[in-house]
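Visitor: I would like a close look at one part of this protein, namely the loops and the residues they hold. Please take me through them carefully, and set them against the whole.

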Amino acid sequence: MDQELRESIETAAEKHALLNAVKHESDADVGAIMGPLMGENPEFREHGDEVPGVAGGVIAEVNNLSHEERVERLEELAPDELEEILAEDEGDDQALPDLPNVVEPSSTSADSLARQDGDEYDEIRMRVAPNPNGPWHIGHARMPAVIGTYKEMYDGWFCVRFDDTDPETKRPDLDAYDQIIEDIEYLGFDPDAVYRASDRMETYYDHARDLIEKGGAYTCSCPQGDFSDMKNSGEACPHRDKDAETTLSEFEAMVDGEYDSGEMVLRVRTDIEHKNPALRDWVAFRMIDTPHPREEASEYRCWPMLDFQSGVDDHLLDVTHIIRGIDLQDSAKRQRFVYDYFGWEYPEVLHWGHVQIDAFDVKMSTSTIKRLIDEGVLDGWDDPRAPTVAAFRRRGIRGEAITDAMVELGTSTSDVDLAMSAVYSHNRDLIDDDANRYFFVRESGDNGDFGTVELPLAGDAPGEGTPPVHPEHEDRGRRSLPVDDAVVIESADLPEAGEKLWLKGYGPVEYNGSELRYTDDDIEVVREGEADVVHWVPAGEETVSVRLRTPEGDVTGYAEPAFAGTDADEMVQFVRVGFARIDGHGDDESVTYFAHE
């Protein structure tokens with residue numbers, strides 16, 4: 001990293017740290033800062049591993065300032081943003097912008113929500129519309145997190161509508177329907193209704209017939225390449241002037257499955273000379289020979305394209321606001337042609353950029369993750385190396401933490417980076433109070449960076465160590481780590497001969513090159529930097545063999561004897577290692593999943 005980039009990071013980090021600290025009148029929260037810092041500065045992304053280290057020092061300096069000093073400095077760096085913060089109502093910590101064209105009802109107005117153009121919404125209605133072609137990666141969590149939060153903001157309604165009308169290219173996974181609903185509930189939301197588009201085929205057929213009768217659609221048997229050439233040159237295909245009766249007859253033949261895949265399509269009649277070729281006479285229905293995996297839909301061969309199906313459903317379900325990716329702007333434009341034919345009013349639309357996560361070696365892609373599972377590279381969708389909702393859940397990360405971090409990203413049209421530090425910070429706040437502490441020494445790992453050493457104890461050493469169960473809850477008592485004549489520490493903690501250590505919860509020792517000798521030093525040796533505080537476990541058969549599954553690979557080692565009494569699903573903190581979820585205890589080893597530091 002060159003000096004110019006380092007200075008840019010420091011400047012941006014200082015601004016975001018000041019904004020966070022002044023807004024909340026508290027120390028800047030590192031987790032809440034990294035997301036907007038990286039999102040606003042895409043040039044930092046390729047240095048993602050180095051940015052936290054550079055930003056951390058700046059954030060620490062901001063946290064050493066008084067509130068008045070922070071305000072004064074922010075006035076120099078970002079006066080407009082400071083003014084916005086100071087103008088906010090006290091206690092207003094709304095992370096999401098207001099939905100467009102909605103005015104909250106006043107105490108003297110009607111009970112409905114009003115649009116700024118004078119019409120009224122009875123309620124705000126939104127939809128999460130996943131394609132169930134597999135379980136969710138973590139990027140999918142953004143939509144329900146934001147829409148669920150909007151529902152709470154406006155006391156509104158939202159549904160899950162599975163857009164599963166592509167049985168071939170994005171073939172539905174029968175297990176994914178229930179898995180996705182479980183993921184939404186895990187994130188903290190209960191949908192008001194659940195629909196499957198593949199159950200609504202007759203509805204789409206009926207609307208296609210109505211559209212044909214209105215002159216809004218025609219059947220076309222042009223080879224795809226030929227039509228593409230004509231479309232791009234603004235030339236109408238020879239089928240465009242078919243009468244409604246002929247089109248209806250051929251469409252019924254499509255519905256009856258009388259055409260092969262690619263032989264016939266139904267096109268929406270738009271403007272063949274439209275300045276955007278993507279909007280010219282787009283396909284509404286096509287033939288697919290591959291049967292749908294759901295038995296209830298397996299007989300259909302004439303399938304609606306997403307823009308037609310979704311557009312019809314949004315109207316019939318009274319959706320008031322749609323959130324979709326910035327890359328799908330043409331979808332709204334296509335659908336408006338259909339809405340105009342039917343005289344419908346189009347919902348409000350927010351477009352946002354993609355969410356990106358660079359913390360995993362595995363690409364955030366359903367097809368990629370599925371392939372790696374099939375190849376045996378990943379153990380399954382909940383493998384901690386995978387950026388999936390199932391993996392986060394198994395690691396012990398609360399859905400609320402993911403939701404909070406996603407909501408903090410807002411609805412910017414720019415691509416944004418989800419900093420794992422933001423998710424972990426929120427999760428730490430949720431689990432720290434309940435997570436009891438245990439010692440775990442790491443012996444080996446997939447990256448080979450660990451090792452342990454067993455050292456004899458000499459001198460007038462205590463017979464046990466008694467660290468607290470939780471340092472902030474004295475009422476939980478202390479753990480007992482019985483010591484015979486040796487302890488095990490991590491190799492990285494082994495000092496040079498003649499140097500001292502403080503075994504956490506046990507006391508001071510000095511390493512003489514072959515053993516640890518207990519000394520009569522007090523805690524001043526730690527405060528003065530003469531001894532590092534390290535974790536340890538007793539040597540002997542009572543220690544518990546542990547496998548810690550992490551996003552970087554598995555780590556094995558030994559936990560203190562008391563760890564054997566923990567329960568499955570319990571969250572613990574391995575001192576100096578991090579938080580972990582207990583997956584289960586076996587005869588040979590206990591399996592845990594690493595959450596975060």
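Guide: Let us begin with Asp318, which at 49% relative accessibility counts as partly exposed, because that category lies between the cut-offs of 20% for buried and 50% for exposed. This is a predicted model, and in it Asp318 sits in the loop that runs between helix H11, residues 306–316, and strand E10, residues 321–325. The backbone there deserves attention, since the phi of Asp318 is near 60°, a positive value in a residue other than glycine.

A second aspartate can be read alongside Asp318. Asp569 is not a glycine either, and its phi is positive, at about 80°. Its place is the loop between strand E26, residues 553–559, and strand E27, residues 571–574. With a relative accessible area of 54%, Asp569 is exposed, because the category begins over 50%.

Ser298 offers a further loop position to examine. Ser298 belongs to the loop between strand E8, residues 283–287, and strand E9, residues 302–304. At 18% relative accessibility, Ser298 counts as buried, because the cut-off for that category is under 20%. If residues up to four places away in sequence are set aside, Ser298 touches Pro291 and His292.

Away from these loops, there is a surface feature that also involves acidic residues. Asp175, Asp178, Glu182, Glu185 and Asp190 gather there in a patch of negative charge. One of them, Asp178, lies in helix H7, which covers residues 176–186.

These details belong to a protein whose secondary structure comes to 17 helices and 29 strands. Its C-alpha atoms fill a box of roughly 100 × 60 × 50 Å, taken along the principal axes. Of the 597 residues in the protein, 52% are buried, and Ser298 is one residue that counts as buried. Among the contacts with a separation of 6 or more, 68% are accounted for by residues 24 or more positions apart.

As for the surface and the charges, the protein exposes about 27700 Å², of which carbon and sulfur atoms supply 41%. The protein carries 54 positive and 136 negative charges, and the mean positions of the two sets are 5 Å apart.

Terms used
Residues are numbered from 1 along each chain as its sequence is written. This is a predicted model: local features need pLDDT of at least 70, side-chain atom pairs count only at pLDDT 80 or more; totals for chains, interfaces and linings use all residues. Side-chain values use heavy atoms; hydrogens and water are left out. Patches are made of residues with over 30% relative accessible area and no salt bridge: like charges are joined within 9 Å, nonpolar side chains (Val, Leu, Ile, Met, Phe, Trp, Tyr) within 5 Å. Accessible areas come from the Shrake-Rupley method with a 1.4 Å probe; for residues, only the protein chains shown count as cover. A salt bridge is a side-chain nitrogen of Lys or Arg within 4 Å of a carboxyl oxygen of Asp or Glu. Lys and Arg count as positive and Asp and Glu as negative; His and the chain ends are not counted. The place of a charge is taken as NZ of Lys, CZ of Arg, CG of Asp or CD of Glu. Helices (H or I, at least four residues) and strands (E, at least two) are DSSP runs, numbered from the N terminus. Buried means under 20% relative accessible area, exposed over 50%, partly exposed in between (1.4 Å probe, protein chains only). Contact means heavy atoms within 4.5 Å.
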